[in-house]
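Here is a short tour of a protein model, written for someone who likes to check contacts and surfaces directly. Have the viewer open as you read.

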Amino acid sequence: MARVDALAGRLADLKATTALGHQGQVREALTRSELTAALTAALVGRADTEAALRAAAHRQLQGPPTRRPAPPVRLRRLDRALARLGSFGQAALIARSGLWRGTGRTLFDLRHMAAYARRGAAPEIVPPAPFDQAWYIANGGSGGRAPIVHYLLAERRRRPQPAPAVR
C-alpha cells in the first residue's frame, strides 16, 4: 500500500510539474504575441511617419519657384571668363557653384569635373550633383556644353531648380 501511495504522490507531482510547464509555455506564447503586436504597431507608426515626411518633402519641392537674385556683374563676368578657359575653367566654375557633391579631395574632384565638362551634352552621364541631366537636355538643351555649366551660366536665374524634382 505504501508503494501505491508513493506512486500516487509522484503522479500528482508529475501532473503539477506538467501543469507548471504548460502555464510557462502559455505565458511565453502570450508574451511573444504581445511583442509581435507592439513591433507591428511600431512599424506601422514608422511607415506613417516616413510617408508624412515624403509628402512634406514633395509639397516643398512642388512649391512656388523662387527667383534668385542676379549675382553681381563682376561674378557673372568671372563665370563667363572661367567658361571660356576650357574644361579646367568650367571645372572651376562648377566647383565655385557648390553644386557638385565632391569627395573632399580637391584635385581628384577638379579632374572629374574637368572630364565631365569635356564630355559636353551627354544625357547618359550622371554627375554627382542634384541635377537631372537627361531632363535638362531634353527640355531646353545645353548648346553642346556640359549641362551643369550651361545651367550655371544661362539658366540659374530663370530656373531655380535644374529639373522638375531635384534628386
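## Around Pro-127

In this predicted model, Pro-127 is in contact with Trp-100, Tyr-116, Gln-133 and Ile-148, once its neighbours within four places in sequence are left aside. You will find Pro-127 in the loop between α4 and α5, the latter spanning residues 133–138.

Is Pro-127 buried or exposed? Its relative accessibility is 4%, so Pro-127 counts as buried, the cut-off for that class being under 20%. One of its partners is worth a closer look: Trp-100 lies 27 residues away along the chain, yet the C-alpha atoms of Pro-127 and Trp-100 are separated by 7.7 Å.

## Trp-100 and the nonpolar core

Which residues does Trp-100 touch, not counting those up to four places away in sequence? The list runs through Ile-94, His-112, Met-113, Tyr-116, Pro-127, Pro-128, Ala-129 and Ile-148.

Trp-100 also belongs to the largest nonpolar core, a set of 19 residues. Trp-100 is among the residues with the most contacts inside this core, along with Ile-94, Tyr-116, Phe-131, Ile-148 and Leu-152. Three helices each supply at least two residues of the core: α3 (87–97), α4 (106–119) and α6 (147–155). Of the contributors, α6 gives the most, with four residues.

## A buried acid in α2

Now for a polar spot. Asp-79 is found in helix α2, which covers residues 73–84. With a relative accessibility of 3%, Asp-79 counts as buried, because the cut-off is under 20%.

What does the side chain of Asp-79 make a polar contact with? The partner is the side chain of Arg-96, and the distance is 2.3 Å. As a computational chemist, you may like to look at this pair in the viewer.

## The whole chain

Stepping back, the protein has six helices and zero strands, so to speak a plain reading of α-α-α-α-α-α along the sequence. The chain has 167 residues, of which 23% count as buried; Pro-127 and Asp-79 both count as buried.

The contact pattern can be summarised too. Among contacts between residues at least 6 apart in sequence, 56% join residues at least 24 apart. As for the surface, the protein exposes about 11,600 Å², and carbon and sulfur atoms supply 60% of that area.

Technical notes
Residues numbered from 1 in each chain as written. Predicted model: local features only at pLDDT ≥ 70, side-chain atom pairs only at ≥ 80, totals over all residues. Heavy atoms only, no water. Core = buried A, V, L, I, M, F, W, Y, C linked by side-chain atoms within 4.5 Å. Buried < 20%, exposed > 50% of the residue type's maximum accessible area, 1.4 Å probe, protein only. Contact = heavy atoms within 4.5 Å. Areas by Shrake-Rupley, 256 points an atom, 1.4 Å probe, with all protein chains shown as cover. Polar contact = N/O pair within 3.5 Å; in protein donor to acceptor, adjacent residues only side chain to side chain.
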